Amino acid sequence: MKHTKHIESSGITRRQFLVTSSAAGAALILPGSLLAIPVSMPDSEGYLLVDLKKCQGCGTCMMACALAHSGEASYSLSRIQIQQDSFANWPDDVFMAICRQCEDAPCVSVCPVRPVRANKPNPDWGYARMIDQNLCIGCKQCLTRCPFTPSRIQWDALQQKSQKCDLCANTPYLDEQGGPGGVQVCARVCPVNAITFTTEMPEQGAPSSYNTNLRDSAWLKLGMTTK
Amino acid sequence: MTYHGYAGKILRLDMTNRKAVAIDTAPYRRWGGGHGMGSALFWDFCTDKTITDGRHPANVCCVMTSPLCGTIVPSAGGRCEVVGVGVGQYPVSWFTRSNFGGRFSTMLKYAGWDGIVIEGTADEPVWIDIRNDQVLFHTADDLWGKDTWATQQEIRKLLHIKRGTQAHWQNLDALPLADDRGYAEQQSDRTTQKPAILCIGPAGEYQTPHAALIHDAGNGAGQGGFGAVWGSKNLKAISVIGTGGIKVHDPKTLLRARMITKEKYVVNWQTPDFHAWTRVGNLPKPLIQTAMPTDERRPQACQGCINGCRSRYNIGYGNESACQETFWYGPYVRKIAKNSAEDTEINLKSADIVQKYGLNSFVLQPGLHWLEHLYEEGILGPGRQIPSELPWQSIGTLDFAEKLIHALSTKTDIGADLAEGWVQAALKWGREEDLHTGALQFSYWGVPEHGYDPRAELEWGYGSLMGDRDTNTHCFNYIFTNVSAAFAFGKPLRIGAEQMVTLHAKKLSPYAKDRPEVLDYSDANMYSEAVAQLVRWQQHYCRFYKNSALFCDLKWPDFVNTNVSNFEGATGSLDAGEQVFWNAVTGDAISFEEGIEIGRRIWNLDNAIWVLQGRHRDMVHFAPYIYKTIYKKGEIFPFFMWTCRDDNGNWRYQDLMGRSLDREKVEEWKSIFYQLEGWDSKTGWPTRTTLEQMEMGYVADTLEAAGKLGEDAS
Amino acid sequence: MIYGFALPSEALSRKILTPVAFKERFPAGRLKPPVGIIGGDIRSLVELHLFLEPDEATLPGIDLQTLPNWIAQSIGDPELAESIRAVVSARNNYVEGCQKVYELVGHRLNQARMVLKEAT
């Protein structure tokens with residue numbers, strides 16, 4: 001069953017009240033008082049889950065993500081960020097930062113572009129929270145508003161626009177269908193299957209609810225714990 | 001111009017004047033990347049190619065990436081090649097190579113560089129700080145004396161990089177220590193990643209032979225003594241952080257081929273075959289040489305690898321160490337360990353020691369065996385002919401390991417005599433006989449036997465002999481390990497001998513296509529033209545695909561693969577072969593064989609450098625014990641199985657132990673090899689005809705000017 | 001496995017638990033791809049037992065045919081040597097032989113430790 005919630009958006013400062021225009025039409029950035037109006041936001045129909053104890057830190061998901069979306073291999077353009085510290089011990093040596101397609105999606109709420117937000121649940125792609133690059137004005141509000149560390153919003157320095165995980169909906173360099181119901185490149189290429197896709201929304205209040213156990217009997221046989 | 005796969009520029013570091021200069025990659029494009037580019041850069045920028053000690057100020061050390069680095073090409077994206085004149089070999093140190101994995105080459109590409117050429121010598125210790133286009137020289141006074149792990153952590157601290165994970169996005173312009181250029185034009189370049197740091201430890205600082213370059217906890221360029229080369233240049237570390245990307249010519253094909261590799265050639269996770277015969281297609285098995293210390297671990301991989309071979313544990317030691325360094329001390333630890341757990345703990349902590357000191361532990365594999373013999377025979381020790389105050393009576397303990405590695409790294413105790421090389425020390429100590437008896441098993445060029453004895457495994461031995469170092473090229477030797485293990489367990493063979501050689505021969509184009517006899521290692525065939533063709537194939541394949549394109553030696557080539565119904569491996573295949581990936585990334589349209597031809601060109605350039613260094617065929621021989629003693633049957637392993645034909649021409653797996661090499665027949669084999677390469681068989685020098693065929697007339701000119709151009713066969 | 005040998009004497013127990021001189025060492029190796037065969041010597045039954053302990057990563061390399069002679073002559077335990085000779089000749093494959101020797105040696109070490117413990 002589809003849930004639609006009313007989300008309170010917190011404001012931005014008056015200093016950020018700007019009006020811009022473009023050939024495609026006018027985009028309005030609204031002040032905080034107006035943004036506080038509840039926003040209807042349907043749930044995403046897809047989520048990525050990861051196993052922090054399983055990832056082998058090869059970065060393939062990052063490079064493949066950037067490749068499928070942008071046609072170039074890059075860490076900085078990847079919608080999934082894998083961090084590792086060579087001098088830390090398992091399991092704290094690796095962190096997999098995925099966009100949570102949040103129920104309340106602060107990055108969506110904060111998007112100041114009007115009348116149509118640049119960052120919004122996209123009904124064509126299972127309400128995945130997606131940034132429309134044609135509408136993004138590069139204000140970086142979503143970057144700073146994402147409550148997670150590192151921010152799940154990336155900054156495309158060349159385009160001067162924000163970008164985020166779209167569950168591979170917009171992957172011009174992938175010859176398969178992406179998005180909910182399609183392929184998620186990071187999950188597909190992961191050599192150890194440490195990333196998976198689900199249609200069930202993980203619990204939103206729990207910080208580790210997107211971290212799941214994907215280790216199976218083969219993993220155990222390879223001499224690694226499944227606990 | 002768009003450089004698909006390439007960053008487009010190469011960084012020249014003038015250590016003497018502390019200057020960084022960018023040069024265009026384009027003139028070196030024909031050499032592919034990695035080793036090929038490095039050799040070409042060495043050729044252009046090393047002004048004295050007669051030097052035979054890598055610590056000479058004229059030496060040029062190149063740290064090179066490939067177009068595939070920083071991409072998802074399976075088990076190719078994360079390797080990095082180092083070339084230059086080495087240290088500690090015998091009779092001279094050749095222009096040589098080493099290779100390491102991890103994140104360094106990826107970061108270097110993303111920072112906008114295809115490689116680094118290190119020239120000259122700094123007047124005091126420095127470290128290099130690369131942030132995209134900005135290259136900073138910093139004094140390394142506070143780093144000098146630190147081990148490799150402490151060095152990296154200190155550099156992170158200097159750059160205000162958070163320990164652990166869950167770090168914020170970092171703007172490059174917010175990093176400290178920048179010069180006054182600022183970052184106005186790049187204001188929002190961001191990354192969540194840690195800098196990749198390549199550095200030396202005490203072994204490199206003291207310029208000891210076999211000093212390594214270390215990156216992260218366990219990636220090392222061990223062979224060649226490049227740690228000593230850096231030490232001689234007063235170069236402690238290079239840190240690189242990049243926020244860019246690499247344009248790929250055909251991302252769709254690249255993504256598809258990567259998925260085909262995973263879904264067709266790699267073991268299926270749902271119905272896993274843990275004993276598959278394949279190289280690229282195994283699940284992530286750790287290369288640790290001891291019993292596993294704990295199951296609380298993850299596999300840990302180089303960037304882009306399809307099956308990580310290292311581990312990070314929860315126990316606080318042994319992280320990222322794999323392969324030989326986890327067992328350099330093994331035969332001694334088991335003399336004192338109370339149980340398997342203690343055995344593993346001491347071995348892994350001893351691995352940490354060599355990683356931190358930055359010392360290539362492979363030299364200790366046969367080397368420590370030899371020193372132990374000298375001690376036990378009353379020759380080495382306190383007050384003895386070879387004085388040593390090390391606590392030899394406690395060999396096997398962690399304390400001894402630390403003291404030994406300290407001595408070797410700092411040129412103290414026996415480390416002083418071993419400072420020019422192990423064979424040199426043997427001669428100094430009057431132990432030449434040990435090279436004849438095999439007490440010191442350093443098989444070629446003053447470097448140790450690898451574990452694949454040249455008297456049995458021919459391509460390993462011949463390949464090392466005709467090259468510049470222990471070849472460390474695992475193209476074929478899974479034939480030995482897989483078949484011997486099956487024999488040991490009494491298991492049925494997954495692939496019979498005839499099918500095995502036939503599958504290989506399909507992929508041995510151009511020199512040995514459909515010539516299975518090249519893999520006949522029987523006594524009757526061991527000095528043949530066929531085996532010479534196999535060695536040529538291996539050398540040329542590796543010079544391009546492994547050393548230049550930087551496909552991982554442990555995963556490629558994939559000749560046979562039991563995950564595929566017809567057992568044909570990924571190598572050279574039309575769906576996920578090496579050339580498919582190369583072309584998808586670069587936009588080239590080379591065939592598999594054309595890649596090998598690039599490798600032949602690189603191999604010829606290398607040989608030209610060796611010739612300028614003084615190589616002549618008379619120098620090209622194994623250590624005496626290889627000719628004088630037999631590989632004792634069953635003594636250290638019950639059998640060494642390999643494909644052979646019997647007297648009736650039928651293929652079977654046969655034990656190769658129990659033989660030596662015949663010196664005169666090896667000389668005849670060398671002549672065959674030289675002729676096949678188009679080199680002068682009297683000298684081993686390249687000829688003008690051969691070089692000009694490969695558009696290397698300028699190399700022939702240089703050799704001719706030096707009086708070292710081979711004569712064409714009349 | 002049923003072990004057919006009697007408890008060793010106190011003197012033999014000491015021998016069983018004592019390393020032999022360097023000159024009496026027994027050659028051995030270890031195979032693990034991709035390193036290859038790594039040589040090393042065995043100088044005691046304690047070491048032999050650890051050496052033969054099965055693990056997933058490596059295969060011990062030892063000459064099972066000549067091992068009994070070494071145990072009889074250098075260690076000085078002909079009874080154990082004879083038992084090993086029997087299991088080696090009856091083995092189905094090399095690894096099985098190693099495992100059976102491992103069990104025999106382990107049992108003998110336990111016996112020797114027990115005898116010496118009782119003696120003290």
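# Exercises on a three-chain contact map

The side chains of B:R334 and C:E47 meet in a salt bridge, 3.1 Å from N to O. A salt bridge here is a side-chain nitrogen of Lys or Arg within 4 Å of a carboxyl oxygen of Asp or Glu. Side chains of opposite charge can pair when their charged atoms come close.

This is a predicted model, in which local features need pLDDT of at least 70 and side-chain atom pairs count only at pLDDT 80 or more, while totals for chains, interfaces and linings use all residues. Residues are numbered from 1 along each chain as its sequence is written, chains are lettered from A and ligands numbered from 1 in the order in which they are written, and side-chain values use heavy atoms, with hydrogens and water left out.

## Exercise 1: Chain C against chain B

Describe the contact between chain C and chain B, starting from its residues.

**Step 1.** Count the residues. Chain C gives 34 and chain B gives 42. Contact means heavy atoms within 4.5 Å.

**Step 2.** Take the area. The two chains bury about 3200 Å² between them, 66% of it on carbon and sulfur atoms. Buried area is the accessible area (1.4 Å probe) that two parts lose on being put together, summed over both. On the chain C side, C:P34, C:V35 and C:I37 supply 22% of the buried area, more than any other three residues.

**Step 3.** Count the pairs. Between chain C and chain B there are 3 salt bridges. There are also 14 residue pairs in polar contact, both at pLDDT 80 or more. A polar contact is a pair of N or O atoms within 3.5 Å; within protein, one must be able to donate a hydrogen and the other to accept it, and residues adjacent in sequence count only if both atoms are side-chain atoms.

**Step 4.** Find the elements. In chain C, β1 (26-32), β2 (36-42), α2 (45-52), β3 (59-61) and α5 (94-119) each supply at least two residues of the side that touches chain B. The largest share, 7 residues, comes from β2(C). Helices (H or I, at least four residues) and strands (E, at least two) are DSSP runs, numbered from the N terminus.

**Step 5.** Sort by class. The side of chain C that touches chain B has 18 nonpolar, 7 polar and 9 charged residues. Ala, Val, Leu, Ile, Met, Phe, Trp, Tyr, Cys and Pro count as nonpolar, Asp, Glu, Lys and Arg as charged, and the others, Gly among them, as polar.

## Exercise 2: Chain A against chain B

Work out how chain A meets chain B, from the residues that each gives to the contact.

**Step 1.** Chain A gives 65 residues and chain B gives 69.

**Step 2.** The buried area is about 5800 Å², and carbon and sulfur atoms give 54% of it. In chain A, A:Y75, A:F87 and A:W90 lose the most area to chain B, together 14% of what that side buries.

**Step 3.** The chains share 6 salt bridges. One of the links is between B:R312 and A:D93, at 2.8 Å from N to O. A:D93 and B:R312 also belong to a network of salt bridges with B:R298 and B:E320.

**Step 4.** Polar contacts join 43 residue pairs between the chains, both at pLDDT 80 or more. Several elements of chain A each supply at least two residues to the side that touches chain B, including α2 (60-70) and β12 (153-156). α2(A) gives the largest share, 6 residues.

## Exercise 3: Two salt bridges compared

Where do B:E263 and A:R188 lie?

**Step 1.** Their side chains meet in a salt bridge, 2.5 Å from N to O. B:E263 is in helix α6 (residues 251-265) of chain B and A:R188 in helix α5 (residues 185-189) of chain A, so the pair joins two chains.

**Step 2.** B:E263 is partly exposed because its relative accessibility is 47%. A:R188, at 23%, is also partly exposed. Buried means under 20% relative accessible area, exposed over 50%, partly exposed in between (1.4 Å probe, protein chains only).

Now place the salt bridge between B:D606 and B:R543.

**Step 3.** This pair sits at 2.6 Å, N to O. The pair links distant parts of the chain: B:D606 is in helix α19 (residues 592-613) and B:R543 in helix α17 (residues 529-546), 63 residues apart.

**Step 4.** B:D606 is buried because its relative accessibility is 0%. B:R543 is buried too, with 6%.
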